[in-house]
Amino acid sequence: MLRPARIPRPWLGTQGGRPTLDVTIGTNQFLCVYVTEAVRAPCVDARNVCATRPGNHLPWPGFCFEEPSTGGWNRTGNLEPPDGGTNCHQHVSFRDVCVVQPLKVCVEVTKHRIQRAIPTPTIMQKSNEEALATQMPEARGEATNPAAPEGDSGAAPAGLAALFASVALAACGGGDSGGSSAQPLPPLPNPTVPPSPAPTPAPTPAPTPGPAPGPAPAPSPAPPSPAPGPAPAPAPPAPPTLGSYTYKSATTDQEAARFLLQAQFSASTTEIAALRGTTYADWVDSQFSATPGISGWDWLNQRGYAAISNDTSYYDQTYPADYMIWHQLMQSPDGMRRRVALALSEICVVSLTGLDFNWRSHAMAHYWDQLCTNAFGNYRKLLEDVTLNPAMGYYLNTRGNQKENTATGRQPDENYAREVLQLMSIGLVKLNPDGTPKVDGAGKPEDSYTQGEVTNLARVFTGYDYDLSQNTPTTVPGTTRVVPSTTFARLPMALTESRHSTLAAEFLGTKIPINTPGAVALKTALDTLFNHPNVGPFIGKQMIQRLVTSNPSPAYVARVAAAFDNNGLGVRGDMRAVVKAILLDDEARAPSGLTQPGFGKLREPMLRFVQWGRTFGITSARGSWKIGNTSDAGSRLGQSPLRSPSVFNFFRPGYIPPSTALAAAGAVAPEFQLVNESSVGGYLNYMQDAIRRGIFVSAPELPNSANTSNNGYDIQATYASELALVLDADALVARVNLLMTAGQLSAATVKLIADALKATPLTGSSSDGARRDRVAAAVFLVMASAEYLVQK
């Protein structure tokens, strides 16, 4: 495997003539970046980024470049210190730094936020603050890069699987550099499916929120934290009633496995058999009422992570939350609920990498628990829970956000107001019910909100802070440090009315009058966001992308958006109706999707890992689940749950791999933003060791980080059923093919893998190690194949 060359960390100025970046913030409030010479740089993970005031130097600006000829930009992000000053913090992680020729770019900086990347030969003078990425083409659903020129041997082959295969070959130094040009993908957007007998319901006129309660009043004592134990989510009284579908049940094991791999994390032979004995709709309804497993909060407490000790200092650690989420994903019995919650965590993002307060792991666990509760609840309630959640309050600055002060010039922080609009509700542009942008007379997409509306909405989110009404502070034994109890980390933030803005607020056609009480203003704001016509298509399309396919047809999006608008019982925002509409839709179920090059999605690395664990009976012998942070692309998965590098998730929903056939077809491939030479090799190396030996754990008998004589492979897969087939290589490959890909490996790939296994013969007297080697090889070769990596 080829490894990218290392270059020095790019600080200000040059270093002995080596390629570096010259970075300054000028008085004109533009961050100017010059590449002093041609560079081919490897992936860079930039942390401890210092945000400084205009006029100072800024080491590593926190955004990335691509070849100037493509006209596209890879990633941008926030550089906002939490206190508005010059403190460093770990909130930004940027990768994919590739500069192949000298260039110069400028980035607008206002209020310590990088607003947008602007390729320009001269310094521009505009300095008004705009929402991040509003000028980025991919944010409006446009292709960010043109296709490679015709005849360019570097163009990717058609289709997602072929694209990933070319990336893998390049990463390993394989492939023929003189190959023929790629054939472009056929025009996307409409996959061929039989006409559905279920017409799209008409939009419901100005629906009012369904079962969503109003915002929590400020501060009022909440009941004490419950004792550890599962807390089942209450089931709504009636299931959503949606239209009929062509494909009502699975007629083969392959169809059943395909459905299960979209609906949850894995497919077992038992689950396949159970699904074949019922209908898709009835199976989904059974999952809505399934008893959930232990909550993340309760698991942390069971493992002792609420203990106060200077030796362990769990109140300052994030690793307990890593162990918690891996246990949740690998072991929770309600797989569909957790799968939907994980998708929601990539839309309403809070990241462990951006939290720095007492009991951050408990706060993250509670955030996850709320996503799980609302996965089958109502999106209006989700918006409210997310808004008042203490982890979100810290992450996007609503915690401690205060009203304007004319004497000092203080204005309400706009961070959450902007992101709840842009990322969690309506998006950047006005949408038709099918998710396509509305355009003005000049054919340009219409903005869904203005900067002025962001400023007005920000007033609503003032006056909130942690609810410490139930706090029992404790002095850490042997020290003078006092830490709060964990309770505040699971209570909604409390409102202090005197810190709430009393100004009027106008946004999205709604006016909140002057002197409106904070709780009333919040309810009005959230109702306004929730009832905006964009929410159904904007959120619905992203949920389709996470569960089924990166490029759903407009008709598919429209059907899902209609289910969001009305679940058949007059309720808006019912997430059960949304999930059901996504999974049962003819476009998701039709066999034609298996042969369409643009249908499907690249499996996220963390989903591949969880699928492997659940499929092959992963266990933690001592219950440690110390898998930890798997974000490093060079040595691990390049992705770790609840550890997005920024509020914009691990990848953009509109990301288009540059200079590929996908770009030529106008098709997006969000997960490919994680793919580069390092991440391909890192995934293969990490999985090869995990599949055969398991996960090495230090001190598995202890909850804290330590080293003891018990260090070892505490977390391993059992492979019980696979070992029973190990002497029959063909049967072994057939089983792994069914469970991991729903039987989607080509005959040629199946033969290639089976022949590779047979090259090392086994007999009845072969050792257990030799048998496990064959099983591990079969699993690894399947998980390394392009036909597995692209889920159809």
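In the predicted model described here, Ser501 is placed in the loop that runs between β10 (494-495) and β11 (505-507). With a relative accessibility of 4%, which falls under the 20% limit, Ser501 counts as buried. The side chain of Ser501 takes part in a polar contact of 2.9 Å with the side chain of Glu404, and a polar atom of the Ser501 side chain also lies 3.3 Å from the backbone nitrogen of Leu503. When neighbours within four places in sequence are left aside, the residues in contact with Ser501 are Lys403, Glu404, Arg459 and Thr462, so that Glu404 appears both in this set and as the side-chain partner in the polar contact.

A second loop position, Asp413, belongs to the segment between α10 (390-395) and α11 (415-422). Asp413 has a relative accessible area of 27% and is therefore partly exposed, whereas Ser501 is buried. Leaving aside neighbours within four places in sequence, Asp413 is in contact with Leu396, Asn397, Asn401 and Ala458. The C-alpha atoms of Asp413 and Phe461 lie 8.5 Å apart in space, although 48 residues separate the two in sequence.

These local descriptions belong to a chain of 792 residues, of which buried residues make up 56%. The chain contains 25 helices and 17 strands. Among the contacts between residues at least 6 apart in sequence, 74% join residues that are at least 24 apart. The area exposed by the chain is about 29600 Å², and carbon and sulfur atoms supply 54% of that area.

Helix α6, which comprises residues 319-331, was examined with regard to its length and its surroundings. At 1.5 Å a residue, the 13 residues of α6 should span 18 Å, and the end C-alpha atoms are 18 Å apart, which agrees with the expected value. Because 12 of these 13 residues are buried, α6 is largely enclosed by the rest of the structure. The buried residues of α6 include Tyr319, Pro320 and Ala321 at one part of the helix, and Trp326, His327 and Gln328 further along the sequence; Asp322 is also buried, as are Leu329 and Met330. The elements that cover the buried residues of α6 include α5 (296-302), α7 (335-345) and α8 (360-375), together with α18 (605-615).

With respect to cysteines, the structure holds 0 disulfides. A disulfide is a covalent bond between the sulfur atoms of two cysteines. Among the cysteines, Cys348 has a relative accessible area of 1% and is therefore buried, and Cys372, with a relative accessible area of 4%, is likewise buried.

Two residues that are not glycine nevertheless adopt a positive phi, namely Asn649, at about 75 degrees, and Ala699, at about 50 degrees. Asn649 is situated in the loop between β14 (619-620) and α19 (661-665), and its relative accessible area of 9% means that Asn649 is buried. Ala699 is found in the loop between β15 (695-697) and β16 (712-716), and, with a relative accessible area of 0%, Ala699 is buried as well.

Methods:
Residues are numbered from 1 along each chain as its sequence is written. This is a predicted model: local features need pLDDT of at least 70, side-chain atom pairs count only at pLDDT 80 or more; totals for chains, interfaces and linings use all residues. Side-chain values use heavy atoms; hydrogens and water are left out. Helices (H or I, at least four residues) and strands (E, at least two) are DSSP runs, numbered from the N terminus. Buried means under 20% relative accessible area, exposed over 50%, partly exposed in between (1.4 Å probe, protein chains only). Contact means heavy atoms within 4.5 Å. Accessible areas come from the Shrake-Rupley method with a 1.4 Å probe; for residues, only the protein chains shown count as cover. A polar contact is a pair of N or O atoms within 3.5 Å; within protein, one must be able to donate a hydrogen and the other to accept it, and residues adjacent in sequence count only if both atoms are side-chain atoms. A disulfide is a pair of cysteine sulfur atoms within 2.5 Å. The expected span of a helix is 1.5 Å times one less than its number of residues.
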